[in-house]
Amino acid sequence: MDLYNSGQVNRKKIALNLAIFIFALVSYINRDYELGQVSFFERLVIDTLTPLQEGVVSAQQGVGSIFEHYLNNVYASKENISLRGELANLEMKVFELDELKRENLRLKELLGFSEEFSQERVMAQIVGWDASSDFRVLRINRGSRHGVQLQSTVMTAKGLVGYVYRLTSNYADVLTILDSNNRVDGLIQRTRSHGIVEGYSGARMTMKYVTRTEPIILGDTIVTSGLGNVYPKGLKVGSVSRIERQSYGITQRIEVKPAVDFGRLEEVIVLTSHLSEELRAEWRALDERN
Amino acid sequence: MRSQLKDLILPLLITLFIFLGLNIASTALLPAFGLSTYILPFNVLFVLYLGFKLQTLWLPVMIFIVQYFFSFFSIEGWELGTIAGILICVLISYLRDLIHLSSAPMTILVTQIFQFVWFVIVSVLIYFKTGDMVYIAERFWRFVPESIFISLMAPLAFLVLDKFWKLKDGVSLGEEV
């Protein structure tokens, strides 16, 4: 009887394993890494968990300020022990003001830059990165409630960051240009040569399909071409950091250094009205046809 | 018999709670310190724990749940980890007699080995989809430090999780099932 029961349980085990395995495999095959759809439950969980991520980031910044301020205090005390107490207070104020000043400058720079664009925009803060280092995705604290849409362009004053891949009412996941799933139709500003820029490794990107005969040089700036209906034309993507040109073949291999320093990214701008309803309808029609 | 579904719910909820906490810290805190290239894959650690310690019928469901919650933090989704997790747990079930997590060095070693198996499975799946070997090689160089860190964390993490699953050394849950 025990053997019979054990056999039955083993059969159930195998069946359950197989069912979930096949379900996962089919879902993986059909998975779209270019645009993510979220269910009501997923939206709810993301909206519930992300404030915690936001809180962790704020706490880290707070602790960082205290630590930095402490170091400032130690430095001041070494310079003048008798005035240490007074200096500590002053240093604290100076540090706070300095932080405010830097933030102010950064925000002014962002606003000043975004005024060049006619699109509506919202400013967002980064609250987290993707939990897998295979993907270069960041999470921002603005969602559909703030006018952000799927595939909205995300940028900074320095250049292009990526586009909105997954969206909830308060948060959005941005597929950065460092991710290999994000392909940007780029243009070498000087020579007007077309190519596709895509994430390659860590903080590097490659520009593909540029003809070998194109006279690209190191430091050439790459901007968005506007083709593909995802990014507006003329946004800075990066600059050429390495060129491999063989004596044979059709194309040359170009390595691109992103214009944005992703390691120091704190705030971004989301262009909320880049894609018109007309364009969206065109996209939907094309998708349906395919 | 503590291997009934109702007995698994509470420890699983606690495990998920810890998992979510670690993921929040990993995705928010490490990048805030400028460490955005390496992210600790806690899903691998938790799925391996379930695989090593649980022999219940509901193991694939629990792997799916852990991976599903992981997908809220990553666009990788739940699929890759679920496939790798199930295959590894099947492998563990055949090798169970050879796996002894009796000491910290053994736990570190075994976790490292199975993380490598996980890496191979996921890389094969990615290669089938992308056909990009350079990307796999680049993944490997990220995998090395990340997996070592996870392996080093494993003895402590397993010890903590054992408390919630009420497991003692060398005993796995659900052997009667």
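## Chains A and B at a glance

In chain A, strand 1 and strand 12 (residues 267–271) run antiparallel and are joined by 5 bridges. That pairing belongs to a closed barrel of 6 strands in chain A. Keep in mind that you're looking at a predicted model, with an ipTM of 0.85 and a pTM of 0.75. Chain B brings some helix packing worth a look, and the two chains touch each other, with 41 residues from chain A and 40 residues from chain B in the contact.

**The barrel in chain A**

- Going round the barrel, the strand order is 1-2-5-4-3-12, and the pairing is antiparallel.
- From one strand to the next, the twist averages 45°.
- Strand 1 covers residues 121–129 of chain A, and it pairs with strand 2 (residues 137–140) of chain A over 3 bridges, again in the antiparallel sense.
- If you want to find that pairing in the viewer, look for A:I126, which stands opposite A:I140 in strand 2 of chain A.
- For the pairing with strand 12 of chain A, go to A:M123, whose bridge partner is A:I269.
- As a reminder, strands of a sheet pair through backbone hydrogen bonds, either parallel or antiparallel.

**Helix 5 against helix 6 in chain B**

- Helix 5 (residues 104–130) of chain B packs on helix 6 (residues 133–165) of chain B at an angle of about 150°, and their axes are 8 Å apart.
- Since angles over 145 degrees count that way, helix 5 of chain B is roughly antiparallel to helix 6 of chain B.
- The crossing of helix 5 and helix 6 of chain B is right-handed.
- On the helix 5 side of chain B, the contact residues include B:A104, B:I108, B:Q115, B:F119 and B:Y127, while helix 6 of chain B offers, among others, B:M133, B:R139, B:F143, B:I150 and B:F158.
- Sorted by class, the residues in the contact of helix 5 with helix 6 of chain B come out as 14 nonpolar, 8 polar and 1 charged.

**Helix 2 against helix 6 in chain B**

- Helix 2 (residues 42–53) of chain B also packs on helix 6 of chain B, here at an angle of about 55° with the axes 10 Å apart.
- Helix 2 and helix 6 of chain B are therefore oblique to each other.
- Helix 2 of chain B passes helix 6 of chain B in a right-handed crossing.
- Helix 2 of chain B puts B:V44, B:L45, B:Y49 and B:K53 into this contact, and helix 6 of chain B answers with residues including B:M153, B:A157, B:L161 and B:W165.
- The class count for the contact of helix 2 with helix 6 of chain B is 10 nonpolar, no polar and 1 charged.

**Where chain A touches chain B**

- On the chain A side, the elements giving two or more residues are helix 1 (2–29), helix 2 (40–79), strand 1 and strand 4 (160–167) of chain A.
- Helix 1 of chain A supplies the largest share of that side, with 11 residues.
- The chain A side that touches chain B has 21 nonpolar, 12 polar and 8 charged residues.

**Confidence in chain B**

- Chain B has a mean pLDDT of 86, with 90% of its residues at 70 or more.
- Within chain B, confidence is lowest in helix 1 (residues 5–32), at a mean of 85, and highest in helix 3 (residues 59–70), at 93.
- The usual caveat holds: where pLDDT is low, the predicted coordinates should not be read in detail.

Note on methods: Residues numbered from 1 in each chain as written. Chains lettered and ligands numbered in written order. Predicted model: local features only at pLDDT ≥ 70, side-chain atom pairs only at ≥ 80, totals over all residues. Pairing = 2+ DSSP bridges. Helix = DSSP H or I, 4+ residues; strand = E, 2+ residues; numbered from the N terminus. Axes fitted to C-alpha atoms, helices over the stretch in contact; angles between N-to-C directions. Parallel < 35°, antiparallel > 145°, perpendicular 65-115°, else oblique. Left-handed = near helix turned anticlockwise from the far one by under 90°. Contact = placed C-beta atoms within 7 Å. Nonpolar A, V, L, I, M, F, W, Y, C, P; charged D, E, K, R; others polar. pLDDT = per-residue confidence, 0-100.
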